[in-house]
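Here is a short briefing on one protein chain. Look at the sequence and the fold first, then read on.

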Amino acid sequence: MTNPAAAGGYPQGVKLGVDVGTVRVGVAICDRDSILATPYKTLDRNAKKNSDVRVIAKLVEELGAVQVVVGLPRTMKGEEHASARMATDYALLLAAELSRRGLAVPVNLVDERLSSVTAHRNLHQAGMSSRDHRKVVDQVAAAGILQHAIDMQKARGADVGSRVTAPSPTVDLGAGGADETVRATAADTAPSSDNGRQQ
């Protein structure tokens, strides 16, 4: 399903970008040639049942996606706080759900400082009122995260971000918890241009 690039390798084909918030989750997709990331949909975050995680996994399956990129919000100093832990936990849940469905699709965490801020600014410049931003800002932020990732992959000829390893099948992730023994293997976390977290 994936065709690694000749030099080092990264997945080629349709990819999904995910912007995780406490209330909403933005989803974006790119074309098969990984040229342009496009806002796709906004999901309500359901931390108890994780129905949104299953929706994304189903979307991966339906679209034949080859990779999911989840934004990892860091501070401007590069530090990780509660929002980064939330994004990491979400990526673990998604990796586990993909594995449960028998999908060998990588999930990578990619630095996304200020992507929501940039998304709000772009929507404002496009003439959308601040009141209407909430409906689409998460998916626009997800598109920014995905666009940054696919641009960096092409520039480097290699994958970017940190690969998330699915937890053991014995771990219960039903309530959104994550096994602390699960590790994300760092492929490389590229400094990104954008994303703050006020959702």
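Strand E1 is mostly covered, with six of its six residues buried. Keep in mind that this is a predicted model. The points below start at that strand and work outwards to its partners, the core and the helices.

**Strand E1 and its hairpin**
- Both faces of E1 are covered. Lys15, Gly17 and Asp19 are buried on one side. Leu16, Val18 and Val20 are buried on the other.
- E1 pairs with E2 in the antiparallel sense, through five bridges.
- In this pairing, leucine 16 sits opposite isoleucine 29 of E2.
- Three residues lie between E1 and E2, and the two strands form a hairpin.

**Strand E4 and its partners**
- Which strand runs parallel to E1 and is joined to it by four bridges? That strand is E4.
- Here glycine 17 stands opposite valine 69 of E4.
- E4 also pairs with E5, again in the parallel sense, over five bridges.
- In that pair, glycine 71 stands opposite valine 110 of E5.
- Why is E4 described as largely enclosed by the rest of the structure? Six of its six residues are buried, so the rest of the structure largely encloses it.
- Both faces of E4 are covered. One side has Gln67, Val69 and Gly71, and the other has Val68, Val70 and Leu72. These residues are all buried.

**The nonpolar cores**
- The largest nonpolar core holds 31 residues. Leu16, Ile56, Val68, Leu98 and Val107 have the most contacts inside it.
- Six elements each supply at least two residues of this core. They are strands E1 (15-20), E2 (24-30), E4 (67-72) and E5 (107-111), with helices H1 (51-63) and H2 (82-100).
- H2 gives the most to this core, with nine residues.
- Another core, of 13 residues, lies apart from it. Cys30, Val69, Ala143 and Leu146 are among its members.
- What does valine 68 touch, leaving aside its neighbours within four places in sequence? It is in contact with Leu16, Val18, Val60, Leu94, Leu98, Val105, Pro106, Val107 and Asn108.

**Helices H1 and H2**
- The two helices pack at an angle of about 50 degrees, and their axes are 9 Å apart. That angle makes H1 oblique to H2.
- The crossing of H1 past H2 is right-handed.
- On the H1 side, the residues that meet H2 are Asp52, Val53, Arg54, Ile56, Ala57 and Val60. On the H2 side they are Tyr90, Leu93, Leu94, Glu97 and Leu98.

**Methionine 86**
- Methionine 86 belongs to helix H2.
- Its relative accessibility is 23%, so it counts as partly exposed. The cut-off for buried is under 20%.
- Its C-alpha atom is 8.2 Å from that of glycine 21, although the two are 65 residues apart along the chain.

**The whole chain**
- The protein chain has four helices and seven strands.
- From the N terminus on, the order is β-β-β-α-β-α-β-α-α-β-β.
- How much of the chain counts as buried? The figure is 51% of its 199 residues.
- Take the contacts between residues at least 6 apart in sequence. Of these, 72% join residues at least 24 apart.

Notes. Residues are numbered from 1 along each chain as its sequence is written. This is a predicted model: local features need pLDDT of at least 70, side-chain atom pairs count only at pLDDT 80 or more; totals for chains, interfaces and linings use all residues. Side-chain values use heavy atoms; hydrogens and water are left out. A nonpolar core is a set of buried Ala, Val, Leu, Ile, Met, Phe, Trp, Tyr and Cys residues joined through side-chain atoms within 4.5 Å. Buried means under 20% relative accessible area, exposed over 50%, partly exposed in between (1.4 Å probe, protein chains only). Contact means heavy atoms within 4.5 Å. Two strands pair if DSSP finds at least two bridges between them. Axes are lines fitted to C-alpha atoms, for helices over the stretch in contact, and angles run from 0 to 180 degrees between N-to-C directions. Angles under 35 degrees count as roughly parallel, over 145 as roughly antiparallel, 65 to 115 as roughly perpendicular and the rest as oblique. A crossing is left-handed if the near helix is turned anticlockwise from the far one by less than a right angle, and right-handed if clockwise.
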